[in-house]
Amino acid sequence: MTAIQESAQESADRASTRSHGDETGIEQPYDYRRAELVEPDWRRFPGWRDVTEAEWRDAQWQRVHCVRNLKQLRAVVGDLVEDRFFDDLAADQRDMATMSMLLPPQMLNTMAPHAGTDPQKVTEELYADPIRRYMLPVRSDRDPQWPSHPHSERDSLHEAEMWVVEGLTHRYPTKVLAELLSTCPQYCGHCTRMDLVGNSTEQIDKHKLELKPVDRQDAMIDYLKRTPGVRDVVVSGGDVANVPWHQLEAFLMRLLEIETVRDVRLATKALAGLPQHWLQPKVVEGLERVAGTARRRGVNLAIHTHVNHVQSVTPLVAEAARTALEVGVRDVRNQGVLMRGVNSTPADLLDLCFALQGEANILPYYFYMCDMIPNAEHWRLAVWEAQELQHAIMGYLPGYATPRIVCDVPYVGKRWVHQLAEYDRERGISYWTKNYRTGIELDDPEALDRRYPYYDPISTLPEQGRHWWSEQV
């Protein structure tokens with residue numbers, strides 16, 4: 001057994017032997033035990049048996065060896081995984097997937113890290129694995145009766161509807177979202193931008209950005225110069241890790257020249273899925289230049305990443321986050337997505353938050369309820385379930401590191417899950433209000449008085465509610 005495997009096994013043993021009570025036998029709902037971060041041994045996979053540590057840390061090696069299809073996945077896992085899993089995966093790719101397959105080795109390596117070498121056990125643990133559930137969905141995962149909610153939409157948050165120029169969503173009065181490109185280093189099955197991001201699938205013919213990147217960026221900068229009410233820019237995509245660094249740095253420097261811009265956030269799941277990118281010397285040196293400029297101009301520069309389970313928080317992820325902080329980025333924050341079978345228990349969320357905050361210097365910030373995109377019902381939780389989770393995690397973490405669980409309500413925006421105005425639990429319909437107009441409602445006198453609906457998964461409803469929905473379609 002290698003040193004990496006021994007360390008991984010020790011962590012697993014510590015987790016399995018957590019104390020569940022004191023001498024009185026009275027249990028705490030959650031029992032914290034500090035756990036050391038571990039990089040799973042990639043050499044357990046036959047296809048990576050001879051990969052060196054230097055190769056593993058190389059961002060270009062990671063990108064070249066991404067898994068993009070079933071053939072490449074088989075080449076990595078060899079005979080460790082039974083055919084039934086590949087058949088299930090192929091059926092999902094054919095019938096249900098809204099995102100094409102793209103898995104960096106770093107992310108695949110965090111799946112079923114302690115499964116051993118018995119194919120039956122590896123297959124079962126892969127099926128149960130929380131990261132596999134959202135990064136490599138299979139047909140049997142999907143809800144058999146209601147795979148999509150009747151009100152699901154490809155662009156569920158209507159971001160493109162609120163574009164002021166191509167790729168620039170002006171949804172909140174003081175904030176904009178700048179989508180610089182439509183690709184990522186990895187594709188999550190639950191992607192809220194599945195309408196635009198990634199390659200087309202058997203089910204979804206993706207929309208395309210039409211402007212050349214330089215023209216799109218020029219249009220964004222011009223709009224921000226003309227719109228002094230915007231002070232906060234989320235630079236996203238896709239994922240900013242897929243923007244060539246010199247192009248990204250040039251765009252950020254132009255943003256920092258706009259006096260009214262006071263917050264800049266870089267959105268990148270690659271900090272967790274491909275931390276090697278953020279450890280490249282050219283990226284680190286460039287980030288230091290941008291951070292220095294932001295600091296001199298009094299602008300808050302942060303990185304927002306997307307981690308959904310504690311298994312994703314490895315030493316490389318911690319190294320990437322700390323490196324960003326060391327070169328002057330003000331904060332590295334996490335915006336996870338709440339998903340059934342991934343992080344839908346208090347222990348799941350608390351384990352993840354303690355790893356992020358205590359071991360990787362990443363601030364737990366938000367957990368979004370999974371958006372109402374097609375074929376996502378097996379991931380989504382009801383609002384009442386999210387409310388219970390928010391209650392359950394209170395009091396364990398420092399207040400500033402206790403994440404808010406939010407519902408991103410169409411045409412409304414982020415709302416804490418307890419902020420609903422009314423809730424029909426039988427039919428799973430919650431109603432929400434807001435205190436500002438989006439860019440498409442500036443002439444709507446009723447926008448601030450209207451109640452906006454959000455829908456629980458039908459499978460979570462009582463029998464009467466499920467029957468009511470069955471009669472609506």
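**View 1. Helix 14 and the elements that cover its buried residues.** In this predicted model, the cover over the buried residues of helix 14 includes helix 13 (315–326), strand 7 (331–338), strand 8 (363–369), helix 15 (383–393) and strand 9 (404–409). Beneath that cover, the buried residues of helix 14 are L349, L350, L352, C353, F354, A355, L356, Q357 and E359. Helix 14 itself spans residues 346–359, 14 residues in all. From its first C-alpha to its last it reaches 19 Å, close to the 20 Å expected at 1.5 Å a residue.

**View 2. N361, just after helix 14.** Look for N361 in the loop between helix 14 and strand 8. Here the backbone takes a positive phi of about 60°. With a relative accessibility of 39%, N361 counts as partly exposed, because buried means under 20% and exposed over 50%.

**View 3. The neighbours of N361.** Leaving aside residues up to four places away in sequence, N361 touches R322, L325, V332 and L356. With R322, the side chain of N361 makes a polar contact of 2.8 Å. L325 lies 36 residues from N361 along the chain, and their C-alpha atoms are separated by 8.6 Å.

**View 4. An open sheet of three strands.** Now meet a sheet with the strand order 11-12-13 and antiparallel pairing. Its edge strands, strand 11 (422–424) and strand 13 (452–455), each pair on one side only. From one strand to the next, the twist averages 20°.

**View 5. Where strand 11 meets strand 12.** Strand 11 and strand 12 (residues 429–432) run antiparallel and are joined by three bridges. To find your place, start at E422, which stands opposite Y431 in strand 12.

Technical notes: Residues numbered from 1 in each chain as written. Predicted model: local features only at pLDDT ≥ 70, side-chain atom pairs only at ≥ 80, totals over all residues. Heavy atoms only, no water. Pairing = 2+ DSSP bridges. Helix = DSSP H or I, 4+ residues; strand = E, 2+ residues; numbered from the N terminus. Axes fitted to C-alpha atoms, helices over the stretch in contact; angles between N-to-C directions. Expected span 1.5 Å × (residues − 1). Buried < 20%, exposed > 50% of the residue type's maximum accessible area, 1.4 Å probe, protein only. Contact = heavy atoms within 4.5 Å. Polar contact = N/O pair within 3.5 Å; in protein donor to acceptor, adjacent residues only side chain to side chain.
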